[in-house]
Amino acid sequence: MNPDRKRWNEQQKLLQEALLRGNDHPRAVELFLAQHAATHPEGMSGSGTWSFADEVLAGLNESALRHLPPGGEHSIVWILWHLARIEDVTMNLLVAGSPQVFHSAGWRERLGAGIEHTGNAMDVDATRALSERVSIESLHAYRQAVGRRTREIAQNIQPGNLKQRVDPARLETIRAQKAILPEAAEIISYWGGRTLAGLLLMPPTRHNFLHLNEALRIRQKIR
């Protein structure tokens, strides 16, 4: 494994310990911000450190980003959409209780995706359609906006609140806004069983990293 990715995995274990112990809140937030930064392009955080997202995306043209491999389920564009939407939904609706970034600054229109949900449970035809029509430039910008908002949220969580369970009313907001397809509704129940600490671990760090690994595998198959 790439040494940077290996170190990221090691640091993720430290983050998990810090979040679950809850006895050093500043350290937990510091670890979160470092882990989160690595799953976004470096320009999102300006941290000047290694970015797995930059490693995966470097040099890929539009055709490669939209490419859905034969027999595959996802394109790299679908992965970027999914990561941005999942992070937006969970961090804003569930952790902060605030509106989604998606519903501000005209993102829905700018993205031109034709859908609002996270992409969970999409079939191959729907994935291909999204991959072909979404604005890649706007998608990169939207994901950056989501990432920056996540960092604000993480830094505003008060000590002691990390052990709080998700407010059930916030889960209902996800349903009301149709941010998850009915076929994937079990993920809402999963989030309902998490604490705020659990949501910081999954999705905006670990979930991002896992799907970037998937994107790297797609990249390696493109000729």
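This passage describes the nonpolar cores and the largest pocket of a predicted model. Local features require pLDDT of at least 70 and side-chain atom pairs pLDDT 80 or more, whereas totals for chains, interfaces and linings use all residues. Residues are numbered from 1 along each chain as its sequence is written, and side-chain values use heavy atoms, with hydrogens and water left out.

The largest nonpolar core (buried Ala, Val, Leu, Ile, Met, Phe, Trp, Tyr and Cys residues joined through side-chain atoms within 4.5 Å; buried means under 20% relative accessible area, with a 1.4 Å probe and protein chains only) comprises 35 residues. Those with the most contacts inside this core include Ile 76, Trp 81, Leu 130 and Tyr 142. Two or more residues are contributed by each of α4 (52–57), α5 (62–66), α6 (76–96), α7 (107–111), α9 (136–156) and α13 (206–221), helices being DSSP runs of H or I of at least four residues, numbered from the N terminus. The largest share, 8 residues, belongs to α6. A second, separate core contains 32 residues, among them Ala 18, Leu 31, Leu 33 and Val 166.

The largest pocket has a volume of about 290 Å³. A pocket is an open set of points on a 1 Å grid where a 1.4 Å probe fits, with protein on both sides within 12 Å along at least five of seven lines; lining residues have an atom within 4 Å of a point. The volume is the space filled by probe spheres set on the points, which are joined across faces, edges and corners. Of the 16 lining residues, Arg 7, Gln 11, Ala 34, Gln 35 and Thr 49 lie nearest the centre of the pocket. The elements giving two or more residues to the lining are α1 (3–21) and α2 (25–38), and α2 supplies the largest share, 8 residues.

Conventions
Buried means under 20% relative accessible area, exposed over 50%, partly exposed in between (1.4 Å probe, protein chains only).
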